[in-house]
Amino acid sequence: MLRQKLLLLLLLLISTKTLLAQNPLVTHMFTADPTARVFDGKLYIYPSHDIVPPKNVKAPRFCMPDYHIFSLEEGITLKDHGPILDQNEVPWGKKNTYGMWAPDCIKKENMYYYYYPAPPKDESSFRRIGVGVSKSPTGPFKWEKNYIKGISGIDPGLFIDDDNKTYLYFGGGQDLFVSQLKDNMKEIASKPIKIQGLPSGYKEGSFTFKKDGIYYFTFAHVFPQEGYTIGYATSDNPKGPFTYRGKIMDNISNGTNHHSIVNYKGDWILFYHWWDISGYNKLRSIRADYVTFMKDGTIKKVKPTLRGIGTAIIGDTIHMDRHSDIVNAKVDFVGGNEPTGWMVSNTKMKSSVRFNRVNFGKGEATKIKARIACGQRIASFEIYIDKLKGQKIAEFPVEYTGGWNTWKTIETNLLEKTTGIHDIIIVFKSEWNVDKIANLNWIKLE
Ligand code: FUB
(Lines give C-alpha, C1' and ligand atoms only; values in the text may rest on other atoms or scores of the structure.)
Protein backbone atom coordinates (compact mmCIF):
# COMPACT_ATOMS: atom_id res chain seq x y z
CA MET A 1 0.00 0.00 0.00
CA LEU A 2 2.80 2.40 1.01
CA ARG A 3 4.83 1.53 -2.12
CA GLN A 4 1.75 2.04 -4.26
CA LYS A 5 1.13 5.49 -2.74
CA LEU A 6 4.79 6.50 -3.22
CA LEU A 7 4.67 5.39 -6.85
CA LEU A 8 1.52 7.40 -7.49
CA LEU A 9 3.06 10.47 -5.89
CA LEU A 10 6.19 10.08 -8.01
CA LEU A 11 4.07 9.83 -11.16
CA LEU A 12 2.21 12.99 -10.15
CA LEU A 13 5.48 14.86 -9.67
CA ILE A 14 6.77 13.79 -13.06
CA SER A 15 3.60 15.03 -14.74
CA THR A 16 3.42 18.28 -12.78
CA LYS A 17 5.31 21.49 -13.34
CA THR A 18 6.19 22.47 -9.80
CA LEU A 19 5.06 25.85 -8.58
CA LEU A 20 7.09 26.85 -5.58
CA ALA A 21 6.57 24.56 -2.63
CA GLN A 22 3.35 22.58 -2.91
CA ASN A 23 2.61 20.29 0.00
CA PRO A 24 4.28 18.11 1.05
CA LEU A 25 7.53 20.00 0.47
CA VAL A 26 9.93 17.05 0.34
CA THR A 27 8.99 13.84 -1.44
CA HIS A 28 12.22 11.83 -1.87
CA MET A 29 12.43 11.00 1.86
CA PHE A 30 10.33 11.38 5.00
CA THR A 31 10.96 14.58 6.94
CA ALA A 32 9.44 15.89 10.16
CA ASP A 33 9.78 18.67 12.78
CA PRO A 34 10.69 21.46 10.35
CA THR A 35 12.53 24.39 11.89
CA ALA A 36 12.70 26.98 9.13
CA ARG A 37 15.19 29.85 9.34
CA VAL A 38 15.92 32.78 7.07
CA PHE A 39 19.62 33.61 7.03
CA ASP A 40 20.69 36.59 4.89
CA GLY A 41 17.44 36.46 2.94
CA LYS A 42 17.71 32.75 2.10
CA LEU A 43 15.34 30.11 3.44
CA TYR A 44 16.72 27.00 5.15
CA ILE A 45 14.82 24.13 6.70
CA TYR A 46 16.26 22.04 9.54
CA PRO A 47 13.97 19.01 9.85
CA SER A 48 14.36 15.59 11.41
CA HIS A 49 14.28 12.41 9.32
CA ASP A 50 11.84 9.50 9.66
CA ILE A 51 12.67 6.17 8.08
CA VAL A 52 10.99 2.79 7.77
CA PRO A 53 12.80 0.75 10.49
CA PRO A 54 15.51 -1.47 8.93
CA LYS A 55 14.70 -5.21 9.12
CA ASN A 56 16.98 -5.96 12.08
CA VAL A 57 15.75 -2.97 14.11
CA LYS A 58 12.84 -3.30 16.50
CA ALA A 59 10.83 -0.21 15.65
CA PRO A 60 11.13 2.41 18.37
CA ARG A 61 8.38 5.06 18.63
CA PHE A 62 9.98 6.87 15.73
CA CYS A 63 12.91 5.60 13.69
CA MET A 64 15.17 8.59 13.11
CA PRO A 65 18.81 7.94 12.15
CA ASP A 66 20.30 11.28 11.02
CA TYR A 67 19.74 14.88 9.97
CA HIS A 68 19.46 16.53 6.56
CA ILE A 69 19.35 20.27 5.83
CA PHE A 70 17.37 21.87 2.99
CA SER A 71 17.76 25.24 1.32
CA LEU A 72 15.37 26.93 -1.07
CA GLU A 73 17.18 27.57 -4.35
CA GLU A 74 15.94 30.22 -6.80
CA GLY A 75 12.59 30.23 -5.04
CA ILE A 76 11.71 26.91 -6.61
CA THR A 77 13.66 23.84 -5.53
CA LEU A 78 14.52 22.56 -2.08
CA LYS A 79 18.11 21.37 -2.14
CA ASP A 80 19.01 18.50 0.18
CA HIS A 81 22.40 19.06 1.90
CA GLY A 82 22.30 15.98 4.08
CA PRO A 83 23.00 13.85 5.89
CA ILE A 84 24.97 16.24 8.08
CA LEU A 85 25.03 14.13 11.26
CA ASP A 86 24.46 10.41 11.71
CA GLN A 87 23.29 8.95 15.02
CA ASN A 88 26.57 7.03 15.38
CA GLU A 89 28.67 10.18 14.94
CA VAL A 90 27.27 11.88 18.04
CA PRO A 91 30.38 12.01 20.28
CA TRP A 92 28.36 11.56 23.48
CA GLY A 93 25.51 9.53 21.99
CA LYS A 94 24.37 5.98 22.52
CA LYS A 95 24.81 3.97 19.29
CA ASN A 96 21.99 2.78 17.01
CA THR A 97 19.11 4.24 18.97
CA TYR A 98 17.40 5.93 15.99
CA GLY A 99 16.46 8.77 18.31
CA MET A 100 17.57 11.91 16.45
CA TRP A 101 14.52 14.04 17.22
CA ALA A 102 13.68 17.66 16.34
CA PRO A 103 16.71 19.99 15.81
CA ASP A 104 17.21 23.74 15.36
CA CYS A 105 19.92 26.01 13.95
CA ILE A 106 20.64 29.67 14.66
CA LYS A 107 23.11 32.25 13.42
CA LYS A 108 25.15 34.35 15.82
CA GLU A 109 27.99 36.64 14.78
CA ASN A 110 28.46 34.94 11.43
CA MET A 111 28.63 31.45 12.88
CA TYR A 112 25.86 28.84 12.71
CA TYR A 113 24.98 26.73 15.75
CA TYR A 114 23.05 23.49 15.24
CA TYR A 115 21.25 22.04 18.30
CA TYR A 116 19.91 18.50 18.40
CA PRO A 117 18.58 16.04 20.98
CA ALA A 118 19.89 12.47 21.18
CA PRO A 119 19.90 9.61 23.71
CA PRO A 120 23.19 9.88 25.69
CA LYS A 121 25.52 6.88 26.12
CA ASP A 122 25.80 7.62 29.86
CA GLU A 123 22.02 7.01 30.07
CA SER A 124 21.67 10.03 32.34
CA SER A 125 18.46 11.11 30.64
CA PHE A 126 15.94 10.25 27.90
CA ARG A 127 17.50 12.94 25.68
CA ARG A 128 20.40 15.36 26.06
CA ILE A 129 21.00 18.30 23.77
CA GLY A 130 24.18 18.61 21.72
CA VAL A 131 25.55 21.44 19.61
CA GLY A 132 27.75 21.84 16.55
CA VAL A 133 29.24 24.97 15.01
CA SER A 134 29.89 25.90 11.40
CA LYS A 135 30.80 28.85 9.20
CA SER A 136 27.99 27.83 6.85
CA PRO A 137 24.23 27.29 7.43
CA THR A 138 24.50 23.91 5.74
CA GLY A 139 27.65 22.74 7.54
CA PRO A 140 29.91 20.89 7.90
CA PHE A 141 29.49 21.36 11.65
CA LYS A 142 32.14 20.75 14.28
CA TRP A 143 30.30 18.75 16.92
CA GLU A 144 30.95 19.46 20.60
CA LYS A 145 32.41 16.46 22.45
CA ASN A 146 29.84 16.65 25.23
CA TYR A 147 26.18 17.52 25.54
CA ILE A 148 25.14 20.84 27.10
CA LYS A 149 25.44 20.38 30.86
CA GLY A 150 22.62 21.35 33.22
CA ILE A 151 19.70 20.64 30.89
CA SER A 152 17.97 17.59 29.46
CA GLY A 153 14.94 17.07 27.27
CA ILE A 154 13.75 17.12 23.68
CA ASP A 155 13.01 19.77 21.04
CA PRO A 156 15.64 22.52 21.42
CA GLY A 157 14.37 25.85 20.08
CA LEU A 158 16.59 28.93 19.89
CA PHE A 159 15.77 32.60 20.07
CA ILE A 160 18.17 35.57 19.95
CA ASP A 161 16.69 38.81 21.24
CA ASP A 162 17.48 42.32 19.98
CA ASP A 163 19.93 42.77 22.90
CA ASN A 164 21.83 39.70 21.57
CA LYS A 165 20.89 37.50 24.53
CA THR A 166 20.29 33.91 23.40
CA TYR A 167 17.61 31.67 24.88
CA LEU A 168 17.35 27.90 24.56
CA TYR A 169 13.82 26.53 25.00
CA PHE A 170 13.31 22.81 25.35
CA GLY A 171 11.21 20.01 26.77
CA GLY A 172 8.22 17.82 26.18
CA GLY A 173 5.64 17.09 28.89
CA GLN A 174 3.29 19.10 31.07
CA ASP A 175 5.97 21.80 31.33
CA LEU A 176 8.42 23.46 28.96
CA PHE A 177 11.64 25.21 29.98
CA VAL A 178 14.04 27.98 29.01
CA SER A 179 17.67 28.74 29.84
CA GLN A 180 19.74 31.65 28.73
CA LEU A 181 22.93 30.61 26.90
CA LYS A 182 26.42 32.02 27.44
CA ASP A 183 27.98 33.95 24.56
CA ASN A 184 29.87 30.79 23.55
CA MET A 185 26.44 29.26 22.71
CA LYS A 186 27.58 25.96 24.21
CA GLU A 187 26.84 26.40 27.89
CA ILE A 188 23.87 27.64 29.85
CA ALA A 189 24.20 31.00 31.59
CA SER A 190 21.18 30.45 33.82
CA LYS A 191 19.48 27.43 35.33
CA PRO A 192 16.40 26.30 33.37
CA ILE A 193 13.14 27.88 34.44
CA LYS A 194 9.65 26.57 33.84
CA ILE A 195 7.71 28.70 31.36
CA GLN A 196 4.75 30.19 33.20
CA GLY A 197 1.30 30.88 31.84
CA LEU A 198 0.93 27.96 29.45
CA PRO A 199 -2.30 25.92 29.42
CA SER A 200 -2.41 22.46 30.97
CA GLY A 201 -1.91 19.39 28.82
CA TYR A 202 1.05 17.75 27.08
CA LYS A 203 3.25 20.23 25.23
CA GLU A 204 6.40 19.99 23.11
CA GLY A 205 8.13 21.39 20.03
CA SER A 206 8.20 25.04 21.01
CA PHE A 207 9.24 27.84 18.67
CA THR A 208 9.79 31.44 19.81
CA PHE A 209 9.93 34.61 17.73
CA LYS A 210 9.34 38.33 18.14
CA LYS A 211 7.03 40.49 16.03
CA ASP A 212 6.18 44.16 16.63
CA GLY A 213 7.59 44.01 20.14
CA ILE A 214 5.55 40.93 21.14
CA TYR A 215 7.25 37.65 22.06
CA TYR A 216 5.35 34.72 20.55
CA PHE A 217 5.85 31.32 22.15
CA THR A 218 4.27 28.65 19.92
CA PHE A 219 4.08 24.96 20.80
CA ALA A 220 2.49 21.63 19.97
CA HIS A 221 -0.34 21.17 22.47
CA VAL A 222 -2.39 18.05 23.11
CA PHE A 223 -6.06 18.33 24.08
CA PRO A 224 -7.48 15.10 25.58
CA GLN A 225 -10.36 14.86 23.07
CA GLU A 226 -8.85 16.55 20.03
CA GLY A 227 -5.20 15.41 20.14
CA TYR A 228 -2.25 17.46 18.84
CA THR A 229 -2.87 21.09 17.92
CA ILE A 230 -0.50 24.03 17.49
CA GLY A 231 -1.07 26.70 20.12
CA TYR A 232 0.54 30.01 20.98
CA ALA A 233 1.07 32.36 23.87
CA THR A 234 2.44 35.90 24.02
CA SER A 235 4.49 37.95 26.45
CA ASP A 236 6.56 41.12 26.77
CA ASN A 237 9.50 39.06 28.01
CA PRO A 238 11.18 36.10 26.24
CA LYS A 239 11.24 34.14 29.51
CA GLY A 240 7.56 34.84 30.21
CA PRO A 241 5.18 34.71 31.99
CA PHE A 242 3.11 34.14 28.83
CA THR A 243 -0.61 34.44 28.13
CA TYR A 244 -2.20 31.63 26.13
CA ARG A 245 -3.92 33.05 23.00
CA GLY A 246 -5.42 29.94 21.39
CA LYS A 247 -4.71 27.64 18.47
CA ILE A 248 -2.80 28.34 15.28
CA MET A 249 -3.82 25.00 13.80
CA ASP A 250 -6.49 22.51 14.81
CA ASN A 251 -5.68 18.85 15.01
CA ILE A 252 -5.25 17.44 11.49
CA SER A 253 -5.41 13.80 12.56
CA ASN A 254 -3.93 11.75 15.28
CA GLY A 255 -0.19 12.36 15.55
CA THR A 256 2.42 15.00 16.38
CA ASN A 257 2.56 18.50 14.90
CA HIS A 258 5.94 20.16 15.30
CA HIS A 259 6.31 23.50 13.56
CA SER A 260 8.09 26.84 13.13
CA ILE A 261 7.01 30.28 11.90
CA VAL A 262 9.26 32.60 9.89
CA ASN A 263 9.01 35.72 7.80
CA TYR A 264 10.34 35.03 4.32
CA LYS A 265 10.37 37.92 1.84
CA GLY A 266 7.58 39.72 3.70
CA ASP A 267 5.26 36.72 4.15
CA TRP A 268 4.77 34.85 7.41
CA ILE A 269 4.90 31.10 6.83
CA LEU A 270 4.03 28.19 9.11
CA PHE A 271 6.13 25.06 8.58
CA TYR A 272 4.64 21.89 10.06
CA HIS A 273 4.32 18.20 9.26
CA TRP A 274 1.73 15.62 8.37
CA TRP A 275 1.91 12.17 6.81
CA ASP A 276 0.58 12.87 3.29
CA ILE A 277 2.78 10.31 1.55
CA SER A 278 2.87 7.39 3.94
CA GLY A 279 -0.57 7.62 5.56
CA TYR A 280 1.30 6.57 8.74
CA ASN A 281 2.00 9.08 11.50
CA LYS A 282 5.56 7.87 12.19
CA LEU A 283 6.61 8.54 8.58
CA ARG A 284 5.98 12.23 8.24
CA SER A 285 6.40 14.87 5.54
CA ILE A 286 7.03 18.56 6.03
CA ARG A 287 4.56 21.15 4.77
CA ALA A 288 4.13 24.93 4.67
CA ASP A 289 1.19 27.34 4.59
CA TYR A 290 0.87 31.09 4.97
CA VAL A 291 0.08 32.64 8.35
CA THR A 292 -1.98 35.80 8.81
CA PHE A 293 -1.46 38.13 11.77
CA MET A 294 -4.45 40.29 12.70
CA LYS A 295 -4.03 44.00 13.54
CA ASP A 296 -4.21 43.25 17.29
CA GLY A 297 -1.32 40.77 17.02
CA THR A 298 -3.46 37.63 17.23
CA ILE A 299 -2.88 34.87 14.71
CA LYS A 300 -5.61 33.68 12.33
CA LYS A 301 -5.99 29.90 12.45
CA VAL A 302 -4.17 28.23 9.56
CA LYS A 303 -6.02 25.69 7.44
CA PRO A 304 -3.65 23.03 6.07
CA THR A 305 -3.68 23.05 2.26
CA LEU A 306 -2.28 20.94 -0.55
CA ARG A 307 -1.47 24.19 -2.33
CA GLY A 308 1.37 25.15 0.02
CA ILE A 309 3.20 28.43 -0.60
CA GLY A 310 4.47 30.45 -3.54
CA THR A 311 2.96 32.38 -6.42
CA ALA A 312 1.77 31.05 -9.78
CA ILE A 313 2.44 33.20 -12.84
CA ILE A 314 1.03 33.60 -16.35
CA GLY A 315 1.94 30.49 -18.37
CA ASP A 316 2.09 28.16 -15.35
CA THR A 317 -0.03 25.04 -15.47
CA ILE A 318 -2.12 25.50 -12.34
CA HIS A 319 -3.15 22.06 -11.13
CA MET A 320 -6.44 22.62 -9.37
CA ASP A 321 -6.17 19.47 -7.25
CA ARG A 322 -3.43 21.38 -5.32
CA HIS A 323 -6.04 23.89 -4.21
CA SER A 324 -6.11 26.18 -1.19
CA ASP A 325 -9.81 25.46 -0.62
CA ILE A 326 -12.50 23.23 -2.06
CA VAL A 327 -16.26 23.25 -1.42
CA ASN A 328 -18.66 20.47 -2.41
CA ALA A 329 -16.25 18.75 -4.80
CA LYS A 330 -13.56 16.07 -4.52
CA VAL A 331 -10.06 15.27 -5.69
CA ASP A 332 -9.67 12.02 -7.61
CA PHE A 333 -7.23 10.22 -9.90
CA VAL A 334 -7.28 11.26 -13.54
CA GLY A 335 -8.08 8.53 -16.06
CA GLY A 336 -8.53 8.18 -19.81
CA ASN A 337 -6.24 9.96 -22.26
CA GLU A 338 -4.57 12.15 -19.59
CA PRO A 339 -1.11 11.62 -18.04
CA THR A 340 -1.42 10.26 -14.51
CA GLY A 341 -2.28 12.80 -11.85
CA TRP A 342 -5.20 14.17 -9.91
CA MET A 343 -8.25 16.16 -10.94
CA VAL A 344 -11.11 18.03 -9.31
CA SER A 345 -14.22 15.88 -9.69
CA ASN A 346 -17.76 15.47 -8.32
CA THR A 347 -18.33 19.11 -9.16
CA LYS A 348 -21.91 19.55 -8.08
CA MET A 349 -24.08 22.61 -8.56
CA LYS A 350 -22.27 25.59 -6.93
CA SER A 351 -19.23 23.62 -5.92
CA SER A 352 -16.04 25.67 -6.02
CA VAL A 353 -12.29 25.37 -5.86
CA ARG A 354 -9.81 28.09 -4.93
CA PHE A 355 -6.14 28.52 -5.86
CA ASN A 356 -4.47 31.38 -4.01
CA ARG A 357 -1.78 33.82 -5.13
CA VAL A 358 -1.86 33.93 -8.90
CA ASN A 359 0.18 36.78 -10.35
CA PHE A 360 -1.54 38.42 -13.32
CA GLY A 361 1.46 40.73 -13.74
CA LYS A 362 0.67 43.99 -15.50
CA GLY A 363 -2.40 42.54 -17.19
CA GLU A 364 -0.65 40.76 -20.07
CA ALA A 365 -2.92 37.68 -19.89
CA THR A 366 -5.77 37.80 -22.41
CA LYS A 367 -7.11 34.27 -22.29
CA ILE A 368 -7.45 31.29 -20.03
CA LYS A 369 -7.27 27.62 -20.86
CA ALA A 370 -8.85 24.76 -18.95
CA ARG A 371 -8.28 21.02 -19.23
CA ILE A 372 -11.61 19.27 -18.74
CA ALA A 373 -13.39 15.96 -19.24
CA CYS A 374 -17.15 16.10 -19.44
CA GLY A 375 -19.97 13.66 -20.13
CA GLN A 376 -22.83 16.18 -20.48
CA ARG A 377 -23.58 19.53 -22.15
CA ILE A 378 -25.73 21.64 -19.90
CA ALA A 379 -23.55 23.50 -17.45
CA SER A 380 -20.80 26.06 -17.10
CA PHE A 381 -18.01 27.10 -14.80
CA GLU A 382 -17.04 30.64 -14.00
CA ILE A 383 -13.80 32.10 -12.72
CA TYR A 384 -13.80 34.83 -10.09
CA ILE A 385 -10.97 36.58 -8.30
CA ASP A 386 -10.50 36.88 -4.54
CA LYS A 387 -14.13 36.31 -3.42
CA LEU A 388 -16.89 33.90 -4.40
CA LYS A 389 -18.95 36.84 -5.55
CA GLY A 390 -15.94 38.88 -6.57
CA GLN A 391 -15.02 40.09 -10.01
CA LYS A 392 -15.82 37.52 -12.73
CA ILE A 393 -12.91 37.20 -15.15
CA ALA A 394 -14.01 34.27 -17.31
CA GLU A 395 -16.93 32.04 -18.13
CA PHE A 396 -16.69 28.61 -19.76
CA PRO A 397 -19.79 26.94 -21.17
CA VAL A 398 -19.14 23.27 -20.56
CA GLU A 399 -18.39 21.26 -23.68
CA TYR A 400 -19.17 17.57 -24.10
CA THR A 401 -15.68 16.10 -24.52
CA GLY A 402 -16.71 12.54 -25.28
CA GLY A 403 -17.14 11.35 -21.68
CA TRP A 404 -15.94 11.75 -18.10
CA ASN A 405 -12.56 10.25 -18.99
CA THR A 406 -12.00 12.00 -22.31
CA TRP A 407 -9.86 15.07 -21.85
CA LYS A 408 -9.82 18.21 -23.94
CA THR A 409 -8.25 21.67 -23.57
CA ILE A 410 -10.77 24.48 -23.98
CA GLU A 411 -10.11 28.21 -23.88
CA THR A 412 -11.90 31.52 -23.53
CA ASN A 413 -10.95 35.20 -23.51
CA LEU A 414 -10.61 36.95 -20.16
CA LEU A 415 -13.55 39.28 -19.52
CA GLU A 416 -11.45 41.83 -17.66
CA LYS A 417 -7.86 43.02 -17.73
CA THR A 418 -6.55 41.90 -14.35
CA THR A 419 -3.29 43.00 -12.72
CA GLY A 420 -1.39 41.98 -9.60
CA ILE A 421 -1.75 38.98 -7.31
CA HIS A 422 -5.17 37.43 -6.71
CA ASP A 423 -6.82 34.21 -5.60
CA ILE A 424 -8.68 32.41 -8.38
CA ILE A 425 -12.02 30.79 -7.55
CA ILE A 426 -13.73 28.46 -9.99
CA VAL A 427 -17.47 28.04 -9.45
CA PHE A 428 -19.41 25.24 -11.14
CA LYS A 429 -23.00 26.05 -12.19
CA SER A 430 -25.88 24.22 -13.78
CA GLU A 431 -29.47 25.26 -14.33
CA TRP A 432 -30.51 21.62 -14.46
CA ASN A 433 -28.95 20.70 -11.18
CA VAL A 434 -26.87 17.91 -12.74
CA ASP A 435 -24.81 16.08 -10.13
CA LYS A 436 -21.52 16.28 -12.08
CA ILE A 437 -20.64 19.41 -14.04
CA ALA A 438 -17.09 18.83 -15.32
CA ASN A 439 -13.89 17.08 -14.30
CA LEU A 440 -11.18 19.72 -14.14
CA ASN A 441 -7.46 19.02 -14.22
CA TRP A 442 -5.70 22.35 -14.71
CA ILE A 443 -6.05 25.92 -15.88
CA LYS A 444 -3.50 28.21 -17.50
CA LEU A 445 -3.40 31.97 -18.09
CA GLU A 446 -1.94 33.05 -21.40
O1 FUB B 1 10.06 13.73 15.82
C2 FUB B 1 10.17 13.19 17.12
C3 FUB B 1 9.38 14.00 18.07
O4 FUB B 1 8.00 14.00 17.70
C5 FUB B 1 9.71 15.46 18.13
O6 FUB B 1 10.87 15.73 18.84
C7 FUB B 1 8.46 16.00 18.70
O8 FUB B 1 8.35 17.38 18.65
C9 FUB B 1 7.44 15.28 17.88
O10 FUB B 1 7.24 15.86 16.64
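## Strands 13 and 14

In this predicted model, strand 13 (residues 177–181) and strand 14 pair in the antiparallel sense over two bridges, where strands are DSSP runs of E with at least two residues, numbered from the N terminus, and two strands pair if DSSP finds at least two bridges between them. The bridge partner of F177 is K194, in strand 14.

These strands belong to an open sheet of four, ordered 11-12-13-14, with antiparallel pairing. Strand 11 (157–160) and strand 14 (193–194) stand at the edges with a single partner strand each, so one side of each has no neighbour in the sheet.

## Surroundings of R287

R287 lies in strand 21 (residues 285–290) and, at 3% relative accessibility, counts as buried, a word that means under 20% relative accessible area, with exposed being over 50% and partly exposed in between (1.4 Å probe, protein chains only).

The side chain of R287 makes a polar contact with the side chain of D276 at 2.7 Å; such a contact is a pair of N or O atoms within 3.5 Å, where, within protein, one must be able to donate a hydrogen and the other to accept it, and residues adjacent in sequence count only if both atoms are side-chain atoms. The side chain of R287 also reaches the backbone oxygen of T305 at 3.0 Å.

## Basis of the values

Residues are numbered from 1 along each chain as its sequence is written. Because the model is predicted, local features need pLDDT of at least 70 and side-chain atom pairs count only at pLDDT 80 or more, while totals for chains, interfaces and linings use all residues, and side-chain values use heavy atoms, leaving out hydrogens and water.
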